[in-house]
Amino acid sequence: MYSHVDPKYALLLANRFYDGGNQTLRYPDDAYDRIWVPQTGFGSITVSVKGNGGSRLPDDKNVPIYITTYFSEVDKTIKRSLQFSIDSKPYDRPVVPPFGSVAVAYITNMTASSNTSFSIQAAADSSIPPLINAYEVYTITGPLAQATNSKDGTSLIRFNCGICNCIMVYGMV
């Protein structure tokens, strides 16, 4: 589902919000059963441990993050263009939301803390304000540990059987 992140790493949810509603959404509205919390009037997204339920990003250190944003145009007669900025610096090229469809934009390969600011403004060629439908912010863990060795279960069974034998020999059963 989030193919922009190496599968050797886990994503830990920091924020997930959507605009345009007043109730929490999940399955069947979201096929992956993600829980979407309503928030009104995005325009500036600031990742912070304060407000909006908090992002759970650390105050004092940068951590690897992954952000997914979703856009759709509501008026087919206009051209809306959005520019992402991170700490007031433009990030990547502007996004033009499609009418009747969804554009997904990602922010990957970077680190952030609770002091990092992510904002979306109208790009230079847009005469109307930005409109964002939803966004998700994740922190990325370190590499996942390898799976359990298939022989681990056999050793555990032998160990448990040894304890049972000792208990039975000494009459503790």
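Select Asp87 to begin, in the loop between strand 5 and strand 6; this residue has a positive phi of about 50 degrees although it is not a glycine. With a relative accessible area of 41%, Asp87 is partly exposed. Keep in mind throughout that the model is predicted, and that confidence in the protein is highest in strand 6 (residues 89–95), at a mean of 91.

Next, zoom out to the whole chain and colour by element. The protein has one helix and nine strands, and from the N terminus on these run β-β-β-β-β-β-β-β-β-α. Among contacts between residues at least 6 apart in sequence, 70% join residues at least 24 apart. Buried residues make up 34% of the 173 residues, while the accessible surface comes to about 11,100 Å², with 55% of that surface belonging to carbon and sulfur atoms.

Now colour by pLDDT, which averages 78 over the protein, with 72% of the residues scoring at least 70. Confidence is lowest in helix 1 (residues 152–169), at a mean of 48. Two stretches deserve separate selections. Over residues 46–54 the pLDDT is below 50, and this stretch has 22 contacts in the model beyond near neighbours in sequence. Over residues 159–173 the pLDDT also stays under 50, and here the model has three contacts beyond four places in sequence.

Turn then to the interior and select Ile65, Phe71, Phe84, Ile107 and Phe118, which, of the 20 residues in the largest nonpolar core, touch the most other members. The elements giving two or more residues to this core are strand 1 (9–18), strand 4 (63–71), strand 5 (82–86), strand 7 (103–112), strand 8 (117–122) and strand 9 (134–143). Which strand gives the most to this core? Strand 7 does, with five residues.

Stay in the core and centre the view on Phe84. Leaving out residues up to four places away in sequence, Phe84 touches Thr69, Phe71, Lys89, Pro90, Tyr91, Val95, Ala105, Ile107, Ser119 and Ile120. Apart from the largest core lies another, of nine residues, among them Tyr2, Val5, Tyr18 and Tyr66.

The aromatic rings are the next stop, and a search of the whole structure finds seven aromatic pairs. Show Tyr66 and Tyr138, whose rings form a tilted pair, 6.3 Å centre to centre with 40 degrees between the planes. This pair links distant parts of the chain, with Tyr66 in strand 4 and Tyr138 in strand 9, 72 residues apart. Tyr66 is buried, with a relative accessible area of 1%, and Tyr138 likewise counts as buried at 5% relative accessibility. For comparison, display Phe71 and Phe84: their ring centres are 6.0 Å apart and their planes lie at 75 degrees, so the pair is edge-to-face. Phe71 in strand 4 and Phe84 in strand 5 are 13 residues apart, and their pair, too, links distant parts of the chain. Both Phe71 and Phe84 are buried.

Widen the selection to Tyr2, Tyr66, Tyr106 and Tyr138, which form one aromatic cluster. Then select Trp36 together with Arg16, which lies over the face of Trp36 at 5.5 Å from the ring centre.

From there, move to the loop between strand 1 and strand 2 (37–38), where Asn22 is found. Asn22 is exposed, with a relative accessible area of 72%; measure from its C-alpha to that of Pro38, 16 residues away in sequence, and the separation is 5.6 Å. Pro28 is also in the loop between strand 1 and strand 2, and the peptide bond from Tyr27 to Pro28 is cis, with omega near 10 degrees. Continue to Asp33, which lies in that loop as well and has a positive phi of about 60 degrees although it is not a glycine. At 35% relative accessibility, Asp33 counts as partly exposed.

End at Pro130, in the loop between strand 8 and strand 9. Is Pro130 buried or partly exposed? Its relative accessibility is 23%, and because the cut-off for buried is under 20%, Pro130 counts as partly exposed. Pro130 touches Arg80, Leu82, Ile120, Gln121 and Ala122, residues up to four places away in sequence not being counted. The C-alpha atoms of Pro130 and Ile120, 10 residues apart along the chain, are separated by 6.9 Å.

Terms used. Residues are numbered from 1 along each chain as its sequence is written. This is a predicted model: local features need pLDDT of at least 70, side-chain atom pairs count only at pLDDT 80 or more; totals for chains, interfaces and linings use all residues. Side-chain values use heavy atoms; hydrogens and water are left out. A nonpolar core is a set of buried Ala, Val, Leu, Ile, Met, Phe, Trp, Tyr and Cys residues joined through side-chain atoms within 4.5 Å. Buried means under 20% relative accessible area, exposed over 50%, partly exposed in between (1.4 Å probe, protein chains only). Helices (H or I, at least four residues) and strands (E, at least two) are DSSP runs, numbered from the N terminus. Contact means heavy atoms within 4.5 Å. Rings of Phe, Tyr and Trp (its six-membered ring) pair if their centres lie within 6.5 Å; planes under 30 degrees apart count as stacked, over 60 as edge-to-face and the rest as tilted. A charge sits over a ring if NZ of Lys or CZ of Arg is within 6 Å of the ring centre and within 35 degrees of the ring normal. pLDDT is the predictor's confidence in each residue, from 0 to 100. Accessible areas come from the Shrake-Rupley method with a 1.4 Å probe; for residues, only the protein chains shown count as cover.
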